[in-house]
There are 2 protein chains.
Amino acid sequence: MQTIRVETPSAKYGVVTGSVLVGSLGSRIERIAGKLPRRFFVLTSPEIWALWGEAFLSSFAEPPIALFLPSGEKHKTLASVERLARQMAAAGGDRGSLMIAFGGGIVGDVGGFLASIFMRGIPYVQVPTTFLAQVDSSVGGKTGVNLPEGKNLVGSFHHPLAVFADISVLGTLPDRELRAGLMESIKAGIIRDRSLVRFMEEHAAEVLGRDAKALEKVISASIRMKAGVVNLDERENGLRMILNLGHTVGHALEQVTGYKVLLHGEAVGWGMVAALFLARQRGLISRAQFERLESLIYLYGPLPALKLRKARVAAATGGDKKNVGGVRRFVLPVGVGDAGVVEDVTAAELEAAVGYVLGRAGEQYS
Amino acid sequence: MQTIRVETPSAKYGVVTGSVLVGSLGSRIERIAGKLPRRFFVLTSPEIWALWGEAFLSSFAEPPIALFLPSGEKHKTLASVERLARQMAAAGGDRGSLMIAFGGGIVGDVGGFLASIFMRGIPYVQVPTTFLAQVDSSVGGKTGVNLPEGKNLVGSFHHPLAVFADISVLGTLPDRELRAGLMESIKAGIIRDRSLVRFMEEHAAEVLGRDAKALEKVISASIRMKAGVVNLDERENGLRMILNLGHTVGHALEQVTGYKVLLHGEAVGWGMVAALFLARQRGLISRAQFERLESLIYLYGPLPALKLRKARVAAATGGDKKNVGGVRRFVLPVGVGDAGVVEDVTAAELEAAVGYVLGRAGEQYS
């Protein structure tokens with residue numbers, strides 16, 4: 001068990017990684033939050049609750065009120081938030097209530113946002129159950145839901161009281177979700193941690209085989225990278241932007257495929273290939289570095305095949321949240337273990353990079 | 001013109017009161033926010049825009065993108081917020097955008113909430129156009145919308161960059177709204193400013209006659225009281241609770257009448273009568289003080305007649321946001337110019353107070 005600290009101007013909390021945490025949450029949360037309030041809630045998905053609900057409940061003297069969010073990006077909406085807030089109000093939730101978000105990234109994003117606006121804000125705890133949520137979305141305080149116009153266009157910064165990343169629950173995670181989540185760890189390595197890149201290259205079999213030690217190593221390194229960036233730039237005014245490596249083209253791919261074809265991590269995988277291509281064209285990485293990092297992404301694949309029109313994907317990058325005042329922002333790797341933000345990517349460069357990805361995504365896996 | 005400072009741990013800004021501010025907003029906002037961004041928005045109501053839109057636009061070199069919220073509490077919903085956020089996204093709004101909320105309390109609450117969650121938060125400016133919004137809702141950073149289960153059950157704390165309270169626009173405010181808004185000034189006097197109570201007693205004719213000097217005196221005193229309380233307790237952990245004088249029964253009355261019969265200030269007026277009755281019963285105010293303050297409320301009436309069942313109103317106080325862990329919180333005046341929070345109001349006391357109000361509301365005005 002390890003505890004990684006997040007310390008920003010607005011919040012200080014620990015991200016605990018380890019095994020068999022879900023069965024001891026009751027006392028762990030009371031140690032942090034004090035006596036549990038009269039009304040407290042757990043937001044979860046029906047699937048996670050069926051698998052882990054009993055273990056979850058075992059450590060609470062009084063059970064929390066369970067709220068459910070069906071799986072899938074299409075439920076990550078303001079309409080879901082309203083339905084859940086109404087359930088909380090009807091169940092007697094008040095300003096002293098506490099929320100536990102127990103599930104994947106969508107449950108975490110919706111639960112955190114719900115906690116941030118219910119009665120103008122109540123505390124919450126993240127208990128992420130997917131690899132992706134453990135290494136990425138549960139840390140850093142970003143919450144939100146989608147609009148038809150784009151992902152995460154409404155939301156808030158609302159840090160949890162604590163995050164408990166239990167490696168044991170990854171045992172029931174589908175293989176495809178594990179592989180998709182590992183794309184964010186590859187991202188962590190590319191932008192800030194060369195030794196993580198090397199570890200993932202050398203230990204792919206153990207990691208994909210869910211060896212507990214190998215998984216904990218990758219998870220804790222990824223969280224440490226993210227916490228380090230968030231500590232320096234809580235509100236994404238500068239450095240934190242680098243966490244978006246692969247996300248500009250990734251979001252565009254998710255959007256044009258209607259959030260139905262790609263898992264988020266898979267979209268980020270393809271998006272990172274686009275960023276690598278762009279960085280190679282600009283000479284920010286060598287040919288050898290390009291090949292090394294592209295191979296690493298495919299090593300943790302397969303990424304789904306795509307048949308899309310280049311221009312449509314390129315156009316879809318226009319609505320990206322990172323863009324301010326019409327400038328197209330792009331995170332690009334610089335060597336291995338570093339990255340920067342550029343604002344002068346031309347339409348031609350973008351189309352070439354998208355074209356490269358779509359070529360790979362057609363040829364390799366279709 | 002006066003500027004009253006709000007200074008909390010999370011924000012510092014000025015509340016400017018004066019005449020003819022709406023026609024000079026462009027330069028005033030640029031002085032505070034810097035050069036206006038490429039996409040900025042004004043949220044307003046069709047009625048306000050018809051009356052004041054031209055004056056508003058006159059000081060902007062590039063006009064803001066206008067968004068409209070129809071009048072009425074029934075539009076203060078998450079569905080409205082979603083519709084407006086989608087319009088902003090479709091119009092190219094981004095993290096660098098700015099929002100101006102130009103209207104009454106509902107426009108301010110919805111506009112502030114929208115600004116707090118669009119792209120996880122953009123800055124906004126309040127330009128309140130009703131007396132109520134000028135003295136109360138535009139100051140202090142509370143934003144939010146209603147759920148069917150109750151008022152303002154979802155929202156956030158998000159301070160504006162500045163507030164411009166233009167007394168000139170009150171010239172077009174319907175008389176009933178002015179009177180309702182003045183209830184919040186009476187509240188300000190009762191809980192924290194004896195001299196305001198006296199001024200409102202002695203100058204009712206000038207205030208209700210919209211004498212500019214008298215109005216500015218009442219408005220600036222009310223804002224100064226509120227800013228002082230917010231500065232000491234931004235997040236309503238203690239002192240700020242006293243601003244809710246009259247709001248427990250007031251909210252219940254609004255709820256059981258479906259938000260259709262009473263303006264918010266009118267509901268607060270009746271709610272203050274309930275609080276005065278309770279305080280008199282407990283000996284917190286003398287009979288003379290009770291009569292003096294009740295008379296002041298009626299002096300700025302009339303408050304609408306009500307025919308309601310006592311038990312229903314009493315029951316509706318149970319969902320109040322001020323309640324935590326099942327305790328019924330109540331703000332009660334202590335003499336004239338002071339107030340405190342009590343948590344031990346019995347069901348019998350509450351019913352008696354509601355009964356008194358319903359007696360007055362039937363006998364006096366029906």
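Student: How many residue pairs are in polar contact between chain A and chain B, and what makes a pair count?

Tutor: There are ten residue pairs in polar contact between the two chains, with both residues at pLDDT 80 or more. A polar contact is a pair of N or O atoms within 3.5 Å; within protein, one must be able to donate a hydrogen and the other to accept it, and residues adjacent in sequence count only if both atoms are side-chain atoms. This is a predicted model, where local features need pLDDT of at least 70 and side-chain atom pairs count only at pLDDT 80 or more, while totals for chains, interfaces and linings use all residues. Residues are numbered from 1 along each chain as its sequence is written, chains are lettered from A and ligands numbered from 1 in the order in which they are written, and side-chain values use heavy atoms, with hydrogens and water left out.

Student: Why is the link between B:R86 and A:E149 called a salt bridge?

Tutor: The name needs a side-chain nitrogen of Lys or Arg within 4 Å of a carboxyl oxygen of Asp or Glu. In B:R86 and A:E149 the closest N and O atoms are 3.0 Å apart, so the pair fits the rule. Across this interface the rule finds four salt bridges.

Student: Which elements of chain A give two or more residues to the side that touches chain B?

Tutor: They are helix 3 (78-90), helix 4 (105-117), strand 7 (142-147) and strand 8 (150-157) of chain A. Helices (H or I, at least four residues) and strands (E, at least two) are DSSP runs, numbered from the N terminus. By class, this side of chain A has 15 nonpolar, nine polar and eleven charged residues. Ala, Val, Leu, Ile, Met, Phe, Trp, Tyr, Cys and Pro count as nonpolar, Asp, Glu, Lys and Arg as charged, and the others, Gly among them, as polar.

Student: What makes residues of chain A and chain B count as being in contact, and how many are there?

Tutor: Contact means heavy atoms within 4.5 Å. By that rule, 35 residues of chain A are in contact with 35 residues of chain B. The two chains bury about 3300 Å² between them, 59% of it on carbon and sulfur atoms; buried area is the accessible area (1.4 Å probe) that two parts lose on being put together, summed over both.

Student: How do you know that the salt bridge of A:R95 and B:E236 joins two chains?

Tutor: The side chains of A:R95 and B:E236 meet at 3.3 Å, N to O. A:R95 lies in the loop between helix 3 and strand 5 of chain A and B:E236 in the loop between helix 9 (212-232) and helix 10 (247-256) of chain B, so the pair joins two chains. Over all chains, a search of the whole structure finds 37 salt bridges.

Student: Why are strand 1 and strand 4 of chain B said to stand at the edges?

Tutor: Chain B has an open sheet of seven strands in the order 1-2-9-6-5-3-4, with mixed pairing. Strand 1 (2-7) and strand 4 (65-68) of chain B each have a single partner strand, so one side of each is left without a neighbour in the sheet. Neighbouring strands of this sheet are turned by 20° against each other on average, direction ignored.

Student: What makes strand 5 and strand 6 of chain B a pair?

Tutor: Two strands pair if DSSP finds at least two bridges between them. Strand 5 (residues 98-103) and strand 6 (residues 124-128) of chain B have five, in the parallel sense, so they qualify. Within this pair, B:M99 stands opposite B:Y124 of strand 6. Helix 4 (residues 105-117) of chain B packs on the sheet, touching strand 3, strand 5 and strand 6 of chain B, and its direction makes about 170° with that of strand 5. Axes are lines fitted to C-alpha atoms, for helices over the stretch in contact, and angles run from 0 to 180 degrees between N-to-C directions.

Student: Which strands of chain B form a hairpin?

Tutor: Strand 10 and strand 11 of chain B do, with five residues between them, and B:G335 in the turn has a positive phi of about 65°. Strand 10 (residues 330-333) and strand 11 (residues 339-342) pair in the antiparallel sense over four bridges, and B:P333 stands opposite B:A339.

Student: What is notable about the phi of A:V20?

Tutor: Most residues other than glycine have a negative phi, and most peptide bonds are trans. The phi of A:V20 is near 55°, a positive value in a residue other than glycine. A:V20 is found in the loop between strand 2 and helix 1 (25-33) of chain A.

Student: Which kind of peptide bond joins A:G301 to A:P302, cis or trans?

Tutor: The bond is cis, with omega near 5°. A:P302 sits in the loop between helix 12 (287-299) and helix 13 (310-316) of chain A. In chain B, a cis peptide bond joins B:G301 and B:P302, with omega about 5°.
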